[in-house]
Amino acid sequence: LYQHWRFSCKCSRCLDPTDLGTRTSAIRCLTPDCSGHLLPHTSLLWRCELCESLDSVENVLKVVRRAENKLRNNVGGDCDSASLESILSVLNESLHPNHFLITQKNKDVHHKLERIVQLGEKLVWILQLLDPDSVVLGRILRILIPNWMQFYKQELESGDISSTEFQEKKVECFRFVDILLNTSTRSINK
């Protein structure tokens, strides 16, 4: 800490190489066939918590820089959720699942889903009132339903909603599916 930032800290987080058990800076061990993670050991060495092999901070920084470059080169500003999920899967091969880069991108995915859900629900409500037979309503629902379910599954997994609330959201989703089916049936019968 001192060599990099020029200050010493004795708080519990700074003294714990696991970042209080979160492992937000850990990377996959560079030793072949080891499934452990490298954590700070000294200012210049990182040690695997499983096989206890040591690696230099330079090698750790190379892995992190490669991950940052993958993000920069593969995830644009208007990237869709599927592309973000794909790059997160690749990053999990070299970083701990809680690594700060992965955590940040997971938040980005969640925020995009949240925005899709907000806009989609608003559009569905408006179109149901103004033009319930609209083909556009069906198109919006085809986009909204899978994103909506993914969003609320993430909300459940993170503990932001209870399983009872999730069940209520599923019932609401089935209502969207019914609307989609009715919209599709009406457009076929026209």
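## A quick tour of the model

K169 is partly exposed, with 21% of its area accessible in relative terms. Keep that residue in mind, since it comes back further down. What you have here is a predicted model. The protein has 190 residues, and 33% of them count as buried. Its secondary structure adds up to seven helices and four strands.

**The overall layout**

- Read from the N terminus, the elements go α-α-β-β-β-β-α-α-α-α-α. In other words, two helices come before the four strands, and five helices follow them.
- Look at contacts between residues at least 6 apart in sequence, and you'll find that 47% of them join residues at least 24 apart.
- The accessible surface is about 12,000 Å², and carbon and sulfur atoms account for 55% of that.

**The sheet**

- The four strands make an open sheet, lined up as β1-β2-β3-β4, with antiparallel pairing.
- At the edges sit β1 and β4, each of which pairs on one side only.
- In general, strands in a sheet pair through backbone hydrogen bonds, and they can do so parallel or antiparallel.
- Zoom in on β1 and β2 (residues 37-40): these antiparallel strands are joined by two bridges.
- If you want a spot to click on, try I27, which stands opposite L38 in β2.

**The nonpolar core**

- The largest nonpolar core has 39 residues, and the members that touch the most others are L95, L141, W148 and F176.
- Which elements give two or more residues to this core? They are β3 (45-48), α3 (57-74), α4 (81-91), α5 (100-130), α6 (135-157) and α7 (163-189).
- Helix α6 is the biggest giver, with nine residues in the core.
- Now pick out L141, one of the members with the most core neighbours. Setting aside residues within four places in sequence, L141 is in contact with V124, P146, F176, I179 and L180.

**Salt bridges**

- As a general idea, side chains of opposite charge can pair when their charged atoms come close.
- How many salt bridges does a search of the whole structure find? The search turns up three.
- One of them links R23 and E49, whose closest N and O atoms are 2.9 Å apart. R23 is in the loop between α2 (12-15) and β1 (27-28), while E49 is in the loop between β3 and β4 (54-56), so this pair ties together parts that are 26 residues apart in sequence.
- Both partners are partly exposed: R23 has a relative accessible area of 21%, and E49 comes in at 37%.
- Another salt bridge brings together the side chains of D19 and R13, at 3.7 Å from N to O. Is each partner buried or partly exposed? D19 counts as buried because its relative accessibility is 14%, under the 20% cut-off. R13 is partly exposed, at 45%.
- Here's where K169 returns: its side chain meets that of E172 in a salt bridge, at 4.0 Å from N to O. The two residues are three apart in helix α7, which means they are separated by about one helical turn. E172 counts as partly exposed, with 26% relative accessibility.

**Out on the surface**

- W125, I126, L129 and L130 make a nonpolar surface patch of about 470 Å².
- Within that patch, W125 belongs to helix α5. Its relative accessibility is 56%, so W125 counts as exposed.
- V136, in helix α6, is partly exposed, with a relative accessible area of 39%.
- V136 and T183 are 47 residues apart along the chain, and their C-alpha atoms are separated by 9.4 Å.

**A buried histidine in a loop**

- Where is H99? You'll find H99 in the loop between α4 and α5.
- Is H99 buried or exposed? With 0% relative accessibility, H99 counts as buried.
- Leaving out residues up to four places away in sequence, H99 touches R23, T24, S25, A26, I27 and V64.
- Two of those names should ring a bell: R23 is the residue that forms a salt bridge with E49, and I27 is the one opposite L38.

Technical notes
Residues numbered from 1 in each chain as written. Predicted model: local features only at pLDDT ≥ 70, side-chain atom pairs only at ≥ 80, totals over all residues. Heavy atoms only, no water. Core = buried A, V, L, I, M, F, W, Y, C linked by side-chain atoms within 4.5 Å. Buried < 20%, exposed > 50% of the residue type's maximum accessible area, 1.4 Å probe, protein only. Contact = heavy atoms within 4.5 Å. Patch = residues over 30% accessible without salt bridge, like charges linked within 9 Å, V, L, I, M, F, W, Y side chains within 5 Å. Areas by Shrake-Rupley, 256 points an atom, 1.4 Å probe, with all protein chains shown as cover. Pairing = 2+ DSSP bridges.
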